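Reader: Could you take me through one part of this model up close? I'd like to hear how two of the helices sit against each other and what lies between them.

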Amino acid sequence: QRAANVMSLVQSVKLNGHDPYRYLKDVFRCLPTQPASRLAELLPQSWSAARAHRAEILKFRQGRADVP
């Protein structure tokens, strides 16, 4: 059952056009600090937008934000 769940997730990742390795690496990195109310951001269909948002926040915190 566990293997089937993992394979289903990997197929969903592929169907959404993501690299499974990069996706899983990022999700496992984010999970420990991700609030339960925002877990949906880590689903394959939402991952790209959430990842881009996290990158923008990181750039802003490091003082490299693109300000028009």
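Author: In this predicted model, α2 and α3 pack with their axes 12 Å apart, at an angle of about 55 degrees. That angle makes α2 oblique to α3. As for handedness, α2 passes α3 in a left-handed crossing.

Who's doing the touching? On the α2 side the contact is made by Arg-22, Tyr-23, Asp-26, Val-27, Arg-29 and Cys-30, and α3 brings Trp-47, Arg-51 and Arg-54.

Now pick out Tyr-23 and Trp-47 from that list. A search of the whole structure turns up one aromatic pair, and these two form it: the rings sit edge-to-face, 5.3 Å centre to centre, with 80 degrees between the planes. The pair links distant parts of the chain, since Tyr-23 belongs to helix α2 (residues 20-30) and Trp-47 to helix α3 (residues 47-61), 24 residues apart. Tyr-23 counts as buried because its relative accessibility is 3%, and the cut-off is under 20%. Trp-47, at 4%, counts as buried too, so the cut-off puts both rings' residues in that class.

Both residues also turn up in the largest nonpolar core, a set of six: Val-13, Tyr-23, Val-27, Cys-30, Leu-42 and Trp-47. The largest share of that core comes from α2, with three residues.

Last, have a look at Cys-30, a member of that core and part of the helix contact as well. Setting aside its neighbours within four places in sequence, Cys-30 is in contact with Leu-42 and Arg-54. Leu-42 is a fellow core member, while Arg-54 is on the α3 side of the helix contact.

Terms used: Residues numbered from 1 in each chain as written. Predicted model: local features only at pLDDT ≥ 70, side-chain atom pairs only at ≥ 80, totals over all residues. Heavy atoms only, no water. Phe/Tyr/Trp six-rings, centres within 6.5 Å; stacked < 30°, edge-to-face > 60°. Helix = DSSP H or I, 4+ residues; strand = E, 2+ residues; numbered from the N terminus. Buried < 20%, exposed > 50% of the residue type's maximum accessible area, 1.4 Å probe, protein only. Core = buried A, V, L, I, M, F, W, Y, C linked by side-chain atoms within 4.5 Å. Contact = heavy atoms within 4.5 Å. Axes fitted to C-alpha atoms, helices over the stretch in contact; angles between N-to-C directions. Parallel < 35°, antiparallel > 145°, perpendicular 65-115°, else oblique. Left-handed = near helix turned anticlockwise from the far one by under 90°.
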